[in-house]
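Subject: Handing over the structure

Hello,

Here is the structure I promised to pass on to you. Have a look at it first, and then read on for my notes.

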Amino acid sequence: MLTPQDIDNLAALGRLALSEDEKTAIAKDLESILGYVSELSNAPAGQAADVYASTNVMREDGAPHEAGVHTEALLAEAPKREGGYLKVKQILGGGDNA
Amino acid sequence: MIDFSTLTIKAAHELIAKRELTSRALTEYYINAIAEKNADLNVYLEVFSDALGQADAADAAIAAGEPVMVLTGIPIAIKDNILIKGKKASSASKILGNYVGTYDATVVKKLKEQKAVLIGRVNMDEFAMGGSTENSAFGPTKNPVDPTRVPGGSSGGSAAAVAGDMALAALGSDTGGSIRQPASFCGVVGLKPTYGAVSRYGLMAMASSLDQIGPIVKSVDDAEIMFAALAGRDPLDSTSLASSAVASKAGPYVVGVPFDFLGEGLDPEVKANFEASLEKLKAKGHTVKEISLPALKYSLACYYVLMPAEASTNLARFDGVRYGALKEGANLLEDYLNSRGQGFGREVRRRIMLGTYVLSAGYYDAYYHKANDVRRLIAAEYRKAFETVDVIATPTAPSPAFKLGSKTSDPLQMYLEDIFTVPVNLAGVPAISVPSGKTAAGLPLGIQFTAPHFGEQLLFAIGRDIEHN
């Protein structure tokens with residue numbers, strides 16, 4: 001069973017601000033979905049080998065392109081920027097909104 | 001006089017190559033159709049202002065004697081989660097705000113190299129999460145066959161664009177059925193290629209071990225044309241593979257049917273139509289063979305662990321800092337909480353919560369680890385089945401297109417729509433949905449064929465046999 005504290009913890013981990021109404025609704029939805037996926041515990045223990053073994057994909061550890069050629073295009077998408085930087089609120093020093 | 005409504009890529013290409021049709025005339029036809037229908041159907045989120053310019057450029061290239069490639073001048077709709085440089089891309093989500101693609105997805109680059117016309121971006125379930133296109137931040141798309149019903153999803157805009165004669169072809173993406181199920185609901189053809197066959201570079205990731213890009217088109221021939229245009233290894237997507245096409249084997253084929261998996265929950269008309277399709281295949285000389293895939297009954301449970309786990313991880317990048325919409329709070333943490341809480345829609349928030357749960361300490365083994373075990377089991381069962389059959393057939397979806405709003409209140413009911421399509425993504429194999437007839441009420445139905453890895457040619461061969469019936 002999911003407690004209200006569980007829902008708060010998940011929302012905090014997922015970085016989601018949820019309304020109280022949604023927390024109640026989502027707890028009910030998750031119960032129902034988790035109830036359904038719990039049938040996995042009835043599946044036979046996994047003895048099957050990986051059908052397609054993963055392989056590492058490597059590339060030369062070089063510069064893929066000239067430094068800075070994409071910077072302006074990418075930073076233009078940022079909600080807040082200062083020069084060549086993304087701008088966020090201060091995280092040290094007591095959370096002052098500097 | 002050309003009847004545009006019956007055109008396929010193949011037919012349009014022949015006319016364009018013979019100079020009997022211009023890309024401008026074709027593109028204008030679709031732009032007019034969009035102007036006429038889009039207010040009702042809500043298929044396009046944007047028609048690109050340079051669509052006719054692209055068409056003129058294609059026509060000019062042809063006039064200048066440049067080679068006419070099979071997609072030159074062909075108008076194609078693009079799902080809103082695929083990036084085009086300089087165009088908005090929103091994944092039908094508010095959290096992307098006015099995000100503009102900073103580069104071309106590899107599939108877009110390939111279409112541009114052939115001088116295809118990118119006509120516009122089409123609606124979808126937000127971040128490709130849904131089976132009805134009702135989870136869009138920009139309102140639901142309606143099924144052109146019956147506007148009181150959903151077009152399926154998540155590539156509902158792509159399927160509706162093609163079925164509603166608002167594009168000659170469309171790109172979609174398929175994580176658990178998002179190309180095939182809408183194709184089935186709208187009466188068109190949808191192909192989910194082999195995992196790794198088509199580059200996902202420039203596709204907004206939902207569940208990276210499952211996502212594939214593929215075409216939604218009017219005919220199996222067109223699916224083959226689009227697949228040939230899109231496939232290939234791309235160094236920018238390290239999961240993409242060089243094609244190792246299974247030698248295209250001449251028919252007749254052995255068609256495996258997992259009858260034990262088709263039991264409960266199947267609409268009676270879907271069942272009757274599927275059985276009629278099997279008879280048609282037999283009449284064409286193919287053999288129908290019963291197979292057993294006992295682990296398939298766990299595939300939906302497996303999928304609804306792995307997909308949200310991967311999605312919750314992939315969507316961590318949407319934080320209101322680097323791009324998209326920022327909803328400010330008192331501090332940085334509140335910026336994150338508000339941007340994500342308000343920017344993501346309800347279904348996306350639900351899946352992030354679910355994914356976070358199954359990955360959390362104490363539950364990881366019971367859910368995520370177990371689901372990966374079961375996934376291997378499912379893949380092994382497919383591999384074993386393909387030792388004795390060439391392709392596997394099932395209905396594409398357990399029901400025809402349902403009424404708008406009829407499944408929105410119960411997420412689990414919506415998830416059950418994916419029952420026949422999800423196992424294919426888990427195994428990484430290719431599958432196609434081909435129209436197989438209609439219900440008494442005139443709603444389209446589809447049959448799904450699944451082949452071994454890189455067995456797309458088998459899908460096209462058998463798909464044509466159902467299509468030409």
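Below are notes on a sheet in chain B and on the contact between the chains.

Please keep in mind that this is a predicted model.

Let's begin with the sheet. Chain B has an open sheet of eleven strands with mixed pairing, and the order across it is E1-E3-E2-E4-E6-E5-E10-E11-E9-E7-E8. At its edges you will find strand E1 (44-47) and strand E8 (287-290) of chain B, each of which pairs on one side only. From one strand to the next, the twist averages 30 degrees.

If you would like one pair to look at, try strand E9 (residues 391-395) and strand E11 (residues 444-450) of chain B: they run antiparallel and are joined by four bridges. Within this pair, B:Pro395 stands opposite B:Ile447 in E11(B).

A helix also packs on the sheet: H7 (residues 220-230) of chain B, which touches strands E4 (169-174), E5 (189-192), E6 (212-217) and E10 (431-438) of chain B. The direction of H7 makes about 145 degrees with that of E6(B).

Now for the contact between the chains. Here 45 residues of chain B are in contact with 38 residues of chain A. On the chain B side, the elements that give two or more residues are helices H9 (299-314), H10 (332-343), H11 (346-358), H12 (365-385) and H13 (411-415). H12(B) gives the most, with ten residues. Sorted by class, this side of chain B has 27 nonpolar, nine polar and nine charged residues.

Happy browsing, and do write back with any questions!

Best wishes

How values were computed: Residues numbered from 1 in each chain as written. Chains lettered and ligands numbered in written order. Predicted model: local features only at pLDDT ≥ 70, side-chain atom pairs only at ≥ 80, totals over all residues. Pairing = 2+ DSSP bridges. Axes fitted to C-alpha atoms, helices over the stretch in contact; angles between N-to-C directions. Contact = placed C-beta atoms within 7 Å. Nonpolar A, V, L, I, M, F, W, Y, C, P; charged D, E, K, R; others polar.
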